[in-house]
Each structure stands twice: as structure tokens, then as C-alpha cells.
Amino acid sequence: MAELLAGLGTSHVPSIAAALDKGLRDSDEWKPFFDGYIPAQDWVRAHKPDIAVVIFNDHGNSFFLDRIPTLALGVAEEYQPADEGWGPRAVPNFIGASDFAWHLADQMVAGHFDPMICRELDVDHGLQVPMELVFGRPAAWPVKIVPILVNTIQYPIPTPQRMWELGQLLRRAIASYPTDEKIIVMGTGGLSHQLQGARAGYINPDADRAWIAKIGADPARYRAMTREDYIAEFGSEGAELIMWLVMRGCMDDSVRTLHQQYFAPASMTGAGMVLLENMG
Ligand code: DHB
Ligand code: FE
């Protein structure tokens, strides 16, 4: 059977991609941030996952407000990076783990999750940035991907509890997949930010630090919170954090936090990551 190697949660802020594109990786401002991902990069180099399941939201690039699936699943053989308005980025196409994705599609429908099935999909910064943070800028990506898209853009968004249950389903889908492929699950988005409305610019570093500290060892509160709680605590776009619950929900009750970091930079978004390993 396939094996879940680790869960990783990370922000997917687009300015990270812009910093890489402008060659600012080692600038005074950005180096501490990118260096914080070196342990995760070392970890994937040592453990060599075959497939990355990436849970993210599209930001009006592949779906717009006229039609937004609450849940979508990519089953394509290949995905292009979405052009978000500044031209195509120098990022290789992503190769889909199509066989596993179809298995997951079947398991999701059998388990009453009913995603929109995408044979064709451009993937935006929500997926690109986490992949670059973890795998760098290779000529070709060392893993195949399975994109799971969650609507966190237009209300009503799914509930945190539902995201946890999707994680549990993903866990069963991995356990019932009859290959020996190794899988890393990446939950993306957040941390606290609000890009719109009266609270535009809101971030909550205390809540972010608590999230990073507890999402591995003590996630019960985050699963029980309402969507409104997420918005109040993390901001309207900080509610993207519900996607980390898919990652956490697919892991063992007991996990070891291999690495964690948090930055509350002088910007619009708290940024952080955790790398979790199952403890059985
Ligand atoms: C921004 C966009 C995002 O999708 C995100 O998750 C964080 C920040 C931004 O535009 O600043
Ligand atoms: Fe986002």
C-alpha cells in the first residue's frame, strides 16, 4: 500500500514567488525566511516522496466568481502554472499522479465528498509557492502532484470539521492504494491576513504562533472552531488555514513536529510552516 511519509503546512503568499523571480532569495529581507525552509528541503531530499498531495485554493485564476467549486480534484497528467497577470513564470509544468488521483476521486465520491473532477487545470500561486519552497527551482519537479482545491474565496466556504473529515478520507485512500509510492501531504494558505474591507491589513501574530505550536500536538480546538471564528481570529483570507486541517486530519493522532517556523514580517501576511511526521 502507499505510505504517508509526512504532513507539511505552509503559507503560499504570492510575494514569495515574486521574491524568487527577482533573485531576492539571499537578500537581507528574504534570506531568513527562505533559510527557514532548508530543513524541509533536506527532509524531502532524504526521504524522496513520489507524490505530493497539495491542498490549496485557486485565487480567481482558474475559477472566477461566476463558478466556484466548493471542492475540486485534479486528475490530469500535467498542469501548467497559471499566468496571474505578469506573464508565465519560469516554473516547470507539474506532472500529475493521475492514477492515484482517480483512485482518490473514486474514494471521495464513495465517501460522499463529490468533488468537481478536473482533467485540465492551471495551478496558481496557491500550489506553485509551496512547491518552490519545498523543492526549490528544479529543471523538473522530483514528485508528481495531486491538487485538491478548496473554495476559501467566496462564502459559504466549507467548515473546518469537513476539512478534517476530508483528511481522514485521504488517509484511507492512501492506505487502500495498492502501490508502494510514498506520499507527502501539503496543506497551504494563511497565516493570518485580510486583504479587503475595513480590517484590510489585519494580522494576528499571537494567534499565528499558537497555530504553529498546536496544529501538530493539539489540533482539537482548530477543528471545533466555526468559519466565523477563523475569520475573527485569522482574518477573512486567513480562513485559508482550514486547508491545513486536511493535512492534519490525514495524519496519526500523535505526530512529531520535525520543524516549525513563523514570520510576522512588515507585510500584509503572517507566514509560517510546520513539518509533521506520524508517530503511530
Ligand atoms: C496574498 C495572497 C494570498 O493568496 C495569500 O494566501 C496571502 C497573501 C497577497 O496578495 O498578499
Ligand atoms: Fe492565498
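How far does a polar side-chain atom of His59 lie from an oxygen atom of ligand 1? The distance is 2.7 Å, in a model that is predicted.

**View 1. Surroundings of ligand 1 in the predicted model.** The residues around ligand 1 are His12, Val13, Pro14, His59, His125, His193, Leu195, Glu240 and Thr269. Polar side-chain atoms of three histidines lie at short listed distances from oxygen atoms of the ligand: 3.0 Å for His12, 2.7 Å for His59 and 2.8 Å for His125. Of the 300 Å² of accessible area that ligand 1 has on its own, the protein covers 81%.

**View 2. Protein donors of the iron ion (ligand 2).** The donor atoms come from His12 (NE2), His59 (NE2) and Glu240 (OE), at 2.0 to 2.2 Å from the ion. Their spacing in sequence is H-x46-H-x180-E. His59 sits in the loop between strand E2 (51–56) and strand E3 (71–74), and Glu240 in the loop between helix H9 (227–234) and helix H10 (244–249); this pair links distant parts of the chain, 181 residues apart. His59 counts as partly exposed because its relative accessibility is 24%. Glu240, at 5% relative accessibility, counts as buried. His12, His59 and Glu240 also belong to the residues around ligand 1.

**View 3. Helix H5 (125–135) and its ends.** Eleven of the eleven residues of H5 are buried, so the helix is largely enclosed by the rest of the structure. Among them are His125, Gln128, Met131, Glu132 and Phe135. His125 is also one of the residues around ligand 1. At the start of H5, a side-chain oxygen of Asp124 comes to within 2.8 Å of the backbone nitrogen of Gly126. Just after the helix, Gly136 has a positive phi of about 70 degrees.

**View 4. The two sides of helix H3 (residues 38–47).** Ala40, Gln41, Trp43 and Val44 are the buried residues of H3. These residues lie on the same side of H3 because they cover an arc of only 160 degrees around the axis. An α-helix has 3.6 residues a turn, so residues three or four places apart point the same way. Arg45 and Ala46, on the other side of H3, are exposed. The cover over the buried residues includes helix H5 (125–135), together with strands E1 (3–10), E9 (182–188), E10 (255–263) and E11 (271–278). Lys48, just after H3, takes a positive phi of about 50 degrees.

Technical notes:
Residues are numbered from 1 along each chain as its sequence is written. Chains are lettered from A and ligands numbered from 1 in the order in which they are written. This is a predicted model: local features need pLDDT of at least 70, side-chain atom pairs count only at pLDDT 80 or more; totals for chains, interfaces and linings use all residues. Side-chain values use heavy atoms; hydrogens and water are left out. Buried means under 20% relative accessible area, exposed over 50%, partly exposed in between (1.4 Å probe, protein chains only). Helices (H or I, at least four residues) and strands (E, at least two) are DSSP runs, numbered from the N terminus. The arc is that of the directions from the helix axis to the C-beta atoms. Contact means heavy atoms within 4.5 Å. Donors are N, O and S atoms within 2.8 Å of the metal (3.2 Å for Na, K and Ca); water is not among the atoms, so sites may look incomplete. A residue is near a molecule or strand if one of its heavy atoms lies within 4 Å of it. A polar contact is a pair of N or O atoms within 3.5 Å; within protein, one must be able to donate a hydrogen and the other to accept it, and residues adjacent in sequence count only if both atoms are side-chain atoms. Accessible areas come from the Shrake-Rupley method with a 1.4 Å probe; for residues, only the protein chains shown count as cover.
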